[in-house]
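User: Please take a close look at one part of this model, a single helix, and explain how it is placed in the chain and what its side chains do. I would like one connected account, with the cut-off of each term given where it comes up.

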Amino acid sequence: LKQQTLHYIKLMEKIFDKFNVVVYSFTDENSYDQHDGVFINSRKENIMFEVKVRNVSSTQYKTTVIEKSKYDYLMSQTDKVPYLFIFFSDGTYFPHRLESKNNYKQTIMGAPKTTAGDQTRIAKQFIEIPINPNQLYKQ
């Protein structure tokens with residue numbers, strides 16, 4: 001596994017340990033899955049999660065983004081609760097439960113065509129996720 005991937009797996013495992021999560025799995029790093037893993041929380045909810053790493057501090061912007069196609073996929077998995085875990089460069093992370101009834105703002109930005117592979121920049125739709133400072137935690 002890549003060093004950065006191992007780093008964030010270890011951080012997620014620390015979070016799981018902190019909240020007594022014992023059943024979890026990560027998707028294969030070499031696959032093109034639209035999520036990073038699943039776990040069962042203390043309320044017995046089946047959580048599907050996506051990990052995002054931002055090379056900015058948690059206070060630099062009031063929002064962070066996820067591609068609309070990724071959001072749509074996570075929301076379509078009706079047997080699972082969709083979560084994002086955003087890790088920031090200042091050593092904080094922001095767990096966020098995605099909700100269909102939340103009217104997230106949509107925006108269009110230039111981004112690489114694919115995460116791994118074609119780096120040609122194209123216009124893509126994104127969902128803006130408000131960063132709640134009260135829900136930022138130290139890694």
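Analyst: Helices (H or I, at least four residues) and strands (E, at least two residues) are taken here as DSSP runs, and they are numbered from the N terminus. This is a predicted model, in which local features need pLDDT of at least 70 and side-chain atom pairs count only at pLDDT 80 or more, whereas totals for chains, interfaces and linings use all residues. Residues are numbered from 1 along each chain as its sequence is written, and side-chain values use heavy atoms, with hydrogens and water left out.

The setting comes before the helix itself. The chain has two helices and nine strands, and along the sequence they follow the pattern α-β-β-β-β-α-β-β-β-β-β. Its C-alpha trace spans about 40 × 35 × 35 Å along the principal axes. The radius of gyration, taken over C-alpha atoms, is 15 Å, which agrees with the value near 14 Å that a compact globule of 139 residues would have; the globule rule is 2.2 Å times the number of residues to the power 0.38. Of the 139 residues, 36% count as buried, where buried means under 20% relative accessible area, exposed means over 50%, and partly exposed lies in between (1.4 Å probe, protein chains only).

The part to examine is helix 2, residues 68-76, in which Lys 68, Lys 70, Tyr 71 and Leu 74 are buried. These residues lie on the same side of helix 2, because they cover an arc of only 160° around the axis, the arc being that of the directions from the helix axis to the C-beta atoms. The general background is that an α-helix has 3.6 residues a turn, so residues three or four places apart point the same way. Facing these buried residues are several strands: they pack against strand 3 (46-54), strand 4 (63-67), strand 5 (81-88), strand 7 (105-112) and strand 8 (121-130). Contact in this sense means heavy atoms within 4.5 Å.

Two of the buried lysines also take part in salt bridges, a term that requires a side-chain nitrogen of Lys or Arg within 4 Å of a carboxyl oxygen of Asp or Glu. As a general matter, side chains of opposite charge can pair when their charged atoms come close. Within the helix, Lys 68 meets the side chain of Asp 72 at 2.8 Å, N to O; both residues belong to helix 2 and are four residues apart, about one turn of the helix. Asp 72 itself is partly exposed, with a relative accessible area of 33%.

The other lysine reaches outside the helix, for the side chain of Lys 70 forms a salt bridge with Glu 50 at 3.3 Å, N to O. Glu 50 lies in strand 3 and Lys 70 in helix 2, so this pair ties together parts that are 20 residues apart in sequence. Glu 50 counts as buried at 3% relative accessible area, and Lys 70 counts as buried at 15%. Lys 70 is also among the contacts of Asp 33, which, leaving aside neighbours within four places in sequence, touches Thr 27, Asp 28 and Lys 70. Asp 33 sits in the loop between strand 1 and strand 2 (37-40) and is partly exposed at 38% relative accessible area.

For comparison, the count of salt bridges in the model comes to seven. Away from helix 2, the side chains of Arg 97 and Glu 45 meet in one of them, at 3.5 Å, N to O. Arg 97 lies in strand 6 (residues 92-97) and Glu 45 in the loop between strand 2 and strand 3, so that pair ties together parts that are 52 residues apart in sequence. Arg 97 is partly exposed at 32% relative accessibility, while Glu 45 is buried at 18%, and both belong with Arg 43 to a network of salt bridges.

To return to the helix, its buried residues share one side and pack against five named strands, including strand 3, and it is to strand 3 that Lys 70 is also joined through Glu 50.
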